[in-house]
Each structure stands twice: as structure tokens, then as C-alpha cells.
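Please open the model in your viewer, with the sequence panel alongside, and follow the stops below in order. Each stop names a selection and then says what is to be found there.

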Amino acid sequence: MSLFSFLGSLLSTLADRLDPLFGASATAAAIVAFTLCVRAALHPLTRAAVRGEKARARLAPRFAELSRRHRDDPERLRRALGELRAKEGASPMAGCLPALVQLPVFFVMYHVFSTGSGAGDLLDHTLAGAPLGGRWDGALDGSQGLVHLSLFALIAAVATWTWRRARRTAVPGAPGLARVLPLLSFGTVLTAALVPLAAGLYLATSTTWTAVERALLHRGGS
């Protein structure tokens, strides 16, 4: 059994369990529930990434001071930065590596929800009457259009909140790329407009989880 087939089998089993509660929308509910379960399982990796981000933010002023002090001696600057990271236990990969580990999982889930590969008739099911395999341009009228518009509104609201929060919590003197990255969250809205409803539902669930999770981790201890 391929990985895609295994995931499809799990989704079908979960949809059967949810059928008494959600009826014709049980498969859509299964996509949401499965996405939440996977994100919860990956939570320790996210905590590790946030710890790395906090460490970099805490040390940013000291990095800047060392850069000014040794700007004419790159080798001495490299050693000084390495010593500071070793002393504080702040690896430069601490925030990136956990995120990279998660990428294959997200790719597999996105592939299944976009193509239905290995998941049988996944994209033939519906959410409030809108086919999970349908796209917004084919459902602009009636209840189907309302489902797609509601999904876009949710993703856009989460993207806007994420962007505004990132601006408030930005580290002074952060490189330009760090200030631009939050804008990429709006790309999810465009992606949702181009993929089947099943994948859009996955994107909405995952991005909402990410926004709430990171807000809580950055507010409290990680």
C-alpha cells in the first residue's frame, strides 16, 4: 500500500465514523479532523522552531553589536558569533530545521487533497452541497459559491491577522526578507482559488492552526 493510499484509507475510516454527525459532509469534516490531528502530532517540532526564533530575537542586539565591533575583521566576527551561539545554545538552524522536517508531511497531505490520489472517491463528496473536487470558478452561484467565498474569507482573515501580528512583533533592525515573509501568508488565498475545495479546506484548517499555535507559543513560554 502506497503512502497516499494509506492516507486515503485513514480518511475514509474517519469519514465513516463522522457520518452520523455530519452526513453528506462527513468527508469534509474528516479532512478538518485529520489535519488537526496531524498538526497536533507535529506540535513539538513547532515548539522547537519557536524556541529557535525566540533565541535569535533575544540575541539580535548582541549580534548587531558584534557586527559593528568587528566589521573590519570577518574572521574574528565569525568566531565571536560562533562563541556567542555556543554559549547561549542558539544554533542558527534551531528555528529552520523543525520546519523543514514538517514539509514532507504537508506535501503528502496537500497532494492527496488536491488530486484525490490514493483516496478513492474523496473528491466526489461534498461540503454543504459543494463538491470537494470543485473549484471556485465553477461554483460562483448559489450555495456552492457561498461555501467557496466563506473559505476565502476565513483564509484572508487569518492571513491579515498573521501579517498584522508579525508587524507588531518584528525585531527592530531585522533584514528586509524577515519583514516581507509575513506577506507570503496572503499567497494562501490565491492558492485556495486554484485548487479543489478539499485542498482549500486543508489550507484553511492548517493556516488557522498555525496562526493560533504560534500566537500562543510566542505569548507564553515554549
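Begin by selecting helix α3 (residues 43–69) together with helix α9 (residues 197–219), which pack at an angle of about 50 degrees with their axes 10 Å apart. Helices here (H or I, at least four residues), like strands (E, at least two), are DSSP runs numbered from the N terminus, and axes are lines fitted to C-alpha atoms, for helices over the stretch in contact, with angles running from 0 to 180 degrees between N-to-C directions. Before going further, bear in mind that this is a predicted model, in which local features need pLDDT of at least 70 and side-chain atom pairs count only at pLDDT 80 or more, while totals for chains, interfaces and linings use all residues. Residues are numbered from 1 along each chain as its sequence is written, and side-chain values use heavy atoms, with hydrogens and water left out.

The pair α3 and α9 is therefore oblique, in a scheme where angles under 35 degrees count as roughly parallel, over 145 as roughly antiparallel, 65 to 115 as roughly perpendicular and the rest as oblique. The crossing of α3 past α9 is right-handed, meaning that the near helix is turned clockwise from the far one by less than a right angle, whereas an anticlockwise turn would make a crossing left-handed.

Now show the side chains at this crossing: on α3 select His43, Thr46, Arg47, Val50, Glu53 and Lys54, which meet Glu213, Arg214, Leu217 and His218 of α9; contact means heavy atoms within 4.5 Å. Sorted by type, the residues of this contact are two nonpolar, three polar and five charged, where Ala, Val, Leu, Ile, Met, Phe, Trp, Tyr, Cys and Pro count as nonpolar, Asp, Glu, Lys and Arg as charged, and the others, Gly among them, as polar.

Stay on α3 and centre on threonine 46, which lies in this helix. Is threonine 46 buried or exposed? With a relative accessible area of 5%, threonine 46 is buried, the term being used for values under 20%, with exposed meaning over 50% and partly exposed the range in between (1.4 Å probe, protein chains only). Leaving aside neighbours within four places in sequence, threonine 46 is in contact with Gln102, Glu213, Arg214 and Leu217.

Further along α3, select phenylalanine 63, which counts as buried at 17% relative accessibility. Add leucine 81 to the selection: phenylalanine 63 and leucine 81 are 18 residues apart in sequence, and their C-alpha atoms are 6.9 Å apart in space.

The next stop is helix α1 (residues 3–22) with helix α2 (residues 26–41), whose axes come within 7 Å and cross at roughly 120 degrees. That angle makes α1 oblique to α2, and the crossing is right-handed. On the α1 side the contact is made by Leu7, Leu10, Leu11, Leu14, Ala15, Leu18, Asp19 and Phe22, and on the α2 side by Ala26, Thr27, Ala29, Ala30, Ile31, Ala33 and Phe34. By type, the residues of this contact divide into 13 nonpolar, one polar and one charged.

While α1 is displayed, select serine 5 in that helix, which counts as partly exposed at 26% relative accessibility. Serine 5 and glycine 120 are 115 residues apart in sequence, yet 8.3 Å apart from C-alpha to C-alpha.

Move to helix α5 (residues 97–115) and select valine 105, which is partly exposed with a relative accessible area of 31%. Not counting residues up to four places away in sequence, valine 105 touches Val38 and Leu42; between valine 105 and valine 38, which are 67 residues apart in sequence, the C-alpha to C-alpha distance is 8.6 Å.

For a last local view, select alanine 128, in the loop between β1 (126–127) and β2 (130–131). Alanine 128 has a positive phi of about 55 degrees although it is not a glycine, and is partly exposed, with a relative accessible area of 49%.

Finally, zoom out to the whole protein chain, which has nine helices and two strands, running α-α-α-α-α-β-β-α-α-α-α from the N terminus on. Of its 222 residues, 36% count as buried.
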